Amino acid sequence: MEFSEVVRRRRMIRHYSDKPLPPDVIERVLASALRAPSAGFSQGWAFLALTDPADRARFWPHVPTRVEKTPTMQNAPLVVVPLAHKAAYLERYAEPDKGWQDRAEARWPAPYWYIDTGMAALLMLLTAVDEGLGACFFGIMPEHLTPFRKEFGVPEEYDPIGGITVGYRAADVPAQSGRVVERRRGVGEVVHRGRWGRHA
């Protein structure tokens, strides 16, 4: 699929069939995340991939609102939880070629460990589209993070940034709401050219 078509087709899909994914497709989706940019090539991320039905069943109680609103998300044969590892960035930038020896978090203009992990998540979403699949990124609410970590043995130094479902779209996926088209902001509205407020 042409990249422009992948971008055009990308949307959050919340309704899946229970058709299994071929193992090679799962591996391509996961491997694509490793091509994301990362500050200093820190690669401060990890990915919890849940493909076994029993493991996925253990995951869904940690996102009860998602299950309540769209129970068909549970049919997705792949759930991935991207995890950001801040320490990898602080340690990398304390190395001689970077020179921030104090590992001070205040030096960072933005928390790149979250930004880079988010970009890795986006690459998985785009790869899913390229494979002819649906995918969705969603949050794990703060009150569920501790039990989630305990359930899956996630170390404290790794922060879940959300969850991703990947699978075949259900046959009866609802049409995209017309409100989405109405609300989509155009380039002329959000791109400022040369200075703030200049759109042309």
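Which residues does Thr-117 touch, not counting residues up to four places away in sequence? In this predicted model, the residues that Thr-117 touches under that condition are Gly-44, Trp-45, Pro-82, Leu-83, Ala-84 and Ile-161. Thr-117 itself is found in helix 6, and it counts as buried because its relative accessibility is 0%, where buried means under 20%. A further link is made inside the helix region of the sequence, since a polar atom of the Thr-117 side chain lies 2.7 Å from the backbone oxygen of Trp-113.

The overall architecture provides the setting for such contacts. The secondary structure of the protein comes to nine helices and five strands, and, read along the sequence, these elements follow the pattern α-α-β-α-α-β-α-α-β-α-β-β-α-α. The C-alpha atoms fill a box of roughly 55 × 50 × 35 Å, taken along the principal axes, and 38% of the 200 residues count as buried. Among contacts between residues at least 6 apart in sequence, 77% join residues at least 24 apart.Helix 2, which spans residues 23–32, illustrates how burial can be arranged along a helix. Val-25, Ile-26, Val-29, Leu-30 and Ser-32 are the residues listed as buried in this helix. Seen down the axis of helix 2, its buried residues fall within an arc of 165 degrees, so they line one face of the helix. The background to this arrangement is that an α-helix has 3.6 residues a turn, so residues three or four places apart point the same way. The cover over the buried residues of helix 2 includes strand 1, strand 2 (78–84), helix 6 and strand 5 (163–167).

Val-29 gives a more detailed view of this helix. This residue lies in helix 2, and it counts as buried because its relative accessibility is 1%, while the cut-off for burial is under 20%. When neighbours within four places in sequence are left aside, Val-29 is in contact with Leu-78, Met-124, Thr-127, Ala-128 and Val-166. Val-29 and Ala-170 are 141 residues apart in sequence, and their C-alpha atoms are 19 Å apart in space.

The loops were examined in turn. In the loop between helix 1 (3–9) and helix 2, Lys-19 counts as partly exposed, with a relative accessibility of 45%. Apart from neighbours within four places in sequence, Lys-19 is in contact with Pro-77 and Tyr-168. The C-alpha atoms of Lys-19 and Asp-55 are 17 Å apart in space, and the two residues are separated by 36 residues in sequence.

The loop between helix 2 and strand 1 (45–50) holds Phe-41, and Gln-43 is also placed between helix 2 and strand 1. Phi of Phe-41 is near 50 degrees, a positive value in a residue other than glycine, and phi of Gln-43 is likewise positive and near 50 degrees. As for accessibility, Phe-41 counts as exposed because its relative accessibility is 57%, and exposed means over 50%. Gln-43, in turn, is partly exposed, with a relative accessible area of 35%.

His-62 is found in the loop between helix 3 (53–59) and helix 4 (64–69), and this residue is buried, with a relative accessible area of 8%. A polar atom of the His-62 side chain lies 3.4 Å from the backbone oxygen of Arg-58. If residues up to four places away in sequence are not counted, His-62 touches Ile-140, His-144, Pro-147, Phe-148, Glu-151 and Phe-152.

The last feature considered is the empty space enclosed by the protein. Rolling a probe the size of a water molecule over the atoms shows where empty space is left. The count comes to one cavity of 30 Å³ or more, and the largest cavity has a volume of about 50 Å³. The residues that line the largest cavity are Arg-9, Arg-10, Arg-11, Ile-13, Leu-125, Val-129, Leu-133, Gly-134, Ala-135 and Arg-169. The elements that give two or more residues to this lining are helix 6 (112–130) and strand 3 (134–138). By class, the lining has five nonpolar, one polar and four charged residues.

Terms used:
Residues are numbered from 1 along each chain as its sequence is written. This is a predicted model: local features need pLDDT of at least 70, side-chain atom pairs count only at pLDDT 80 or more; totals for chains, interfaces and linings use all residues. Side-chain values use heavy atoms; hydrogens and water are left out. On a 1 Å grid over the protein atoms alone, a cavity is a set of points where a 1.4 Å probe fits but cannot get out, and a pocket is an open set with protein on both sides within 12 Å along at least five of seven lines; lining residues have an atom within 4 Å of a point. Grid points are joined across faces, edges and corners, and a volume is the space filled by probe spheres set on the points. Helices (H or I, at least four residues) and strands (E, at least two) are DSSP runs, numbered from the N terminus. Ala, Val, Leu, Ile, Met, Phe, Trp, Tyr, Cys and Pro count as nonpolar, Asp, Glu, Lys and Arg as charged, and the others, Gly among them, as polar. Buried means under 20% relative accessible area, exposed over 50%, partly exposed in between (1.4 Å probe, protein chains only). A polar contact is a pair of N or O atoms within 3.5 Å; within protein, one must be able to donate a hydrogen and the other to accept it, and residues adjacent in sequence count only if both atoms are side-chain atoms. Contact means heavy atoms within 4.5 Å. The arc is that of the directions from the helix axis to the C-beta atoms.
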